[in-house]
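Trainee: I'm new to this structure and would like a close look at one part of it, the sheet. Could you walk me through how its strands sit together and what packs around them?

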Amino acid sequence: MADLRELFDSTACVLFDFDGPVCGLFAGYPAHRVAAELVSWLRRQGRESLLTRDEAGSDDPHAVLRAVALTAPDSGFLGELEAQLTEHELRATDTAEPTEYADELIRALRSRGLGLAITTNNSARVVERYLEARGLDDCFGPHIHGRTRDLHRLKPDPDCLLRALDSTGVAAERALMIGDTPADCVAARKAGVAFVGYARNQRKWNLLVGAGAPTVVSSLKPMLDVVARKPGGARNGGSPRI
C-alpha cells in the first residue's frame with residue numbers, strides 16, 4: 001500500500017491497458033479461437049510460413065498480427081488481417097466482462113482531477129464501443145490510443161504510450177500505466193512511465209514479475225482505496241489536458 005500511495009502521489013495521468021485492467025474483452029469470445037482463425041486464414045493464403053511454430057500456436061491474436069507485421073511489414077494482405085481482428089474484437093465487446101473495481105477506479109481517478117488515457121493493442125473502435133456502453137467514454141475523451149496502421153509498433157513498442165503522453169501533455173515521469181502483460185511492462189519501461197501490473201491469476205503474476213514489474217496487484221481495489229483517500233487535483237507539474 002505504501003508503494004501505491006507513493007506512486008499516486010506523483011501521478012498526474014493514468015494510462016490503462018484495455019483488455020485486462022478495464023475489462024475481459026474475450027470473456028465470452030475466447031482469444032485463442034480468434035488467434036486460431038487468423039492463423040487459419042494465413043494458412044489458406046499460403047502465408048503460414050511467416051509465423052514460427054510458437055507464433056502459429058499462440059493463443060494471443062495480437063501476437064499473431066504483430067509477428068506478421070514484423071516479418072512482412074509491406075504485405076498487401078496485412079491490412080486485411082488487421083481488419084479481421086478488428087471485426088472479432090467488435091463482436092467480443094458484446095460479451096466482454098468489466099474487470100472488478102475498474103469502473104469505480106476510473107471514475108474515482110477522474111473525479112480527483114487526474115488525466116486518463118487508454119494505451120492498447122486493441123482497435124480504438126473497440127475501446128470506444130465498450131466505454132460508451134459502460135458510460136465511461138467521458139472519462140477518457142479523445143485519449144484512446146489503440147493500434148494504428150503501423151502494426152509493427154504494437155506493444156512492447158512504446159508507441160501508444162508516447163502518443164498518450166503527447167495527447168495529454170503529461171511528462172513521462174508524471175504518468176503511471178496499469179497493464180497485465182509483460183509487453184505492457186516493457187512498453188512502460190521504454191517510455192519512462194511508472195508501471196503497476198494487474199494479475200488476475202498466478203500465471204499472470206509470474207509473467208509480470210518475470211518481466212520486471214516492480215509492483216503487482218491481484219485486484220484493483222487497493223488502488224481504488226488509495227485514490228479514494230487522496231485529496232482532489234493533480235499536483236507537482238500541473239494539470240493534464242483532459
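Mentor: Let's start with a term we'll need: two strands pair if DSSP finds at least two bridges between them. Keep in mind that this is a predicted model. With that in hand, take strand 7, residues 194–198, which is joined to strand 8 by two bridges, the two running parallel. One of the residues to look at there is Gly 197, whose bridge partner in strand 8 is Val 216.

Now zoom out a little. Six strands make up an open sheet, in the order 5-4-1-6-7-8, with parallel pairing. At its edges are strand 5 (144–145) and strand 8 (216–217), each of which pairs on one side only. As a bit of background, strands of a sheet pair through backbone hydrogen bonds, either parallel or antiparallel.

Next, go to strand 1, residues 13–16. On one side, strand 1 pairs with strand 4 (residues 115–119), in the parallel sense and over four bridges. Val 14 is a good place to see that, since its bridge partner in strand 4 is Leu 116. Strand 1 is also joined to strand 6 (residues 175–179), again by four bridges and again in parallel. Here you can find Phe 16 standing opposite Ile 178 of strand 6.

What about the side chains? In a regular strand they alternate between the two faces of the sheet. Strand 1 shows Cys 13 and Leu 15 pointing one way, with Val 14 and Phe 16 pointing the other way. All four of these residues are buried.

Step back one residue from the strand and you reach Ala 12, in the loop between helix 1 (2–9) and strand 1. Which is Ala 12, buried or exposed? Its relative accessible area is 2%, so it counts as buried, the cut-off being under 20%. Ala 12 also has a partner from far along the chain: Arg 174 is 162 residues away in sequence, yet the two C-alpha atoms are 5.4 Å apart in space.

Then there's helix 9, residues 159–168, which has Asp 159, Cys 160, Leu 161, Ala 164, Leu 165 and Thr 168 as buried residues. These buried residues pack against strand 1, strand 4, strand 5 and strand 6, and also against helix 10 (182–191). Just past the end of helix 9 comes Gly 169, with a positive phi of about 75°.

For a contrast, look at helix 5 (residues 78–92), where Leu 85 has its place. With 0% relative accessibility, Leu 85 counts as buried. Setting aside residues up to four places away in sequence, Leu 85 touches Val 34, Leu 38, Pro 61, His 62, Leu 65 and Arg 147. Pro 73 is twelve residues from Leu 85 in sequence, and their C-alpha atoms are 17 Å apart.

Finally, put the sheet back into the whole chain. In total the chain has twelve helices and eight strands. Its radius of gyration is 18 Å, close to the 18 Å from the globule rule for 242 residues, so the chain is as compact as a globular protein of that length. Of those 242 residues, 50% count as buried. Among contacts with a separation of 6 or more, 71% come from residues 24 or more positions apart.

Definitions and conventions: Residues numbered from 1 in each chain as written. Predicted model: local features only at pLDDT ≥ 70, side-chain atom pairs only at ≥ 80, totals over all residues. Heavy atoms only, no water. Rg over C-alpha atoms; globule rule 2.2 N^0.38 Å. Buried < 20%, exposed > 50% of the residue type's maximum accessible area, 1.4 Å probe, protein only. Contact = heavy atoms within 4.5 Å.
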